[in-house]
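Please look over the structure shown below before reading on. The report that follows goes through strands, a helix and a pocket in turn.

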Amino acid sequence: MSVHTQEWTGTEDHWLGGTATMWWSHADAATYRHWITQAGLTIDSEQFVPEEDSGHQLFWAHRPEDSGQLH
């Protein structure tokens, strides 16, 4: 899962060179980390992926086999 590293809500006009406005609403990496584990997933690794003047947090996670949750 690739997520933003910092909380941010806003818009970007002409997203990807088109006429549409893209609406964004991100939590921060710590919140995503909490949500992932709260959902019963185990985080295997996490790393920062730089992109221009910012970047994203990349999480690799899995659901443990014996979690007892329905699939």
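## Strands, helix and pocket

In this predicted model, strands E1 and E5 run antiparallel to each other and are joined by three bridges. One of the residues taking part is Val3, which has Gln57 of E5 as its bridge partner. Strand E5 also pairs with E4, again in the antiparallel sense, and here the pairing extends over nine bridges. Within the E4 and E5 pairing, Glu51 stands opposite Ser54, a residue of E5. The hairpin that these two strands form has two residues between the strands, and in this hairpin Glu52 takes a positive phi near 50°.

The table sets out the two strand pairings side by side.

| Strand pair | Direction | Bridges |
|---|---|---|
| E1 and E5 | antiparallel | three |
| E4 and E5 | antiparallel | nine |

Strand E4, which covers residues 42–51, is also the place of Pro50. Is Pro50 buried or exposed? Because its relative accessibility is 60%, and a residue counts as exposed over 50%, Pro50 falls in the exposed class. Along the chain, Pro50 and Met22 are 28 residues apart, and their C-alpha atoms are separated by 21 Å.

Helix H1 spans residues 29–38, and its buried residues are Ala29, Tyr32 and Ile36. These residues lie on the same side of H1, because they cover an arc of only 60° around the axis. A general rule helps here: an α-helix has 3.6 residues a turn, so residues three or four places apart point the same way. Which strands help to cover the buried residues of H1? The cover includes E1 (2–4), E3 (22–26), E4 and E5 (54–62). After the helix comes Gly40, whose phi is positive and lies near 90°.

The last feature to consider is the largest pocket, which has a volume of about 350 Å³. Among the residues that line this pocket are His4, Trp8, Trp15, Trp24 and His26, together with Glu51, Glu52, Asp53 and Ser54; Glu51 and Ser54 are thus residues already met as standing opposite each other, and Glu52 is the hairpin residue with the positive phi. Strands E2 (8–12), E3 and E5 each supply at least two residues of the lining, and the largest share, three residues, comes from E5. How do the lining residues divide by character, and how many are charged? The lining consists of three nonpolar, five polar and four charged residues.

Note on methods. Residues are numbered from 1 along each chain as its sequence is written. This is a predicted model: local features need pLDDT of at least 70, side-chain atom pairs count only at pLDDT 80 or more; totals for chains, interfaces and linings use all residues. Side-chain values use heavy atoms; hydrogens and water are left out. Helices (H or I, at least four residues) and strands (E, at least two) are DSSP runs, numbered from the N terminus. Buried means under 20% relative accessible area, exposed over 50%, partly exposed in between (1.4 Å probe, protein chains only). The arc is that of the directions from the helix axis to the C-beta atoms. Contact means heavy atoms within 4.5 Å. Two strands pair if DSSP finds at least two bridges between them. On a 1 Å grid over the protein atoms alone, a cavity is a set of points where a 1.4 Å probe fits but cannot get out, and a pocket is an open set with protein on both sides within 12 Å along at least five of seven lines; lining residues have an atom within 4 Å of a point. Grid points are joined across faces, edges and corners, and a volume is the space filled by probe spheres set on the points. Ala, Val, Leu, Ile, Met, Phe, Trp, Tyr, Cys and Pro count as nonpolar, Asp, Glu, Lys and Arg as charged, and the others, Gly among them, as polar.
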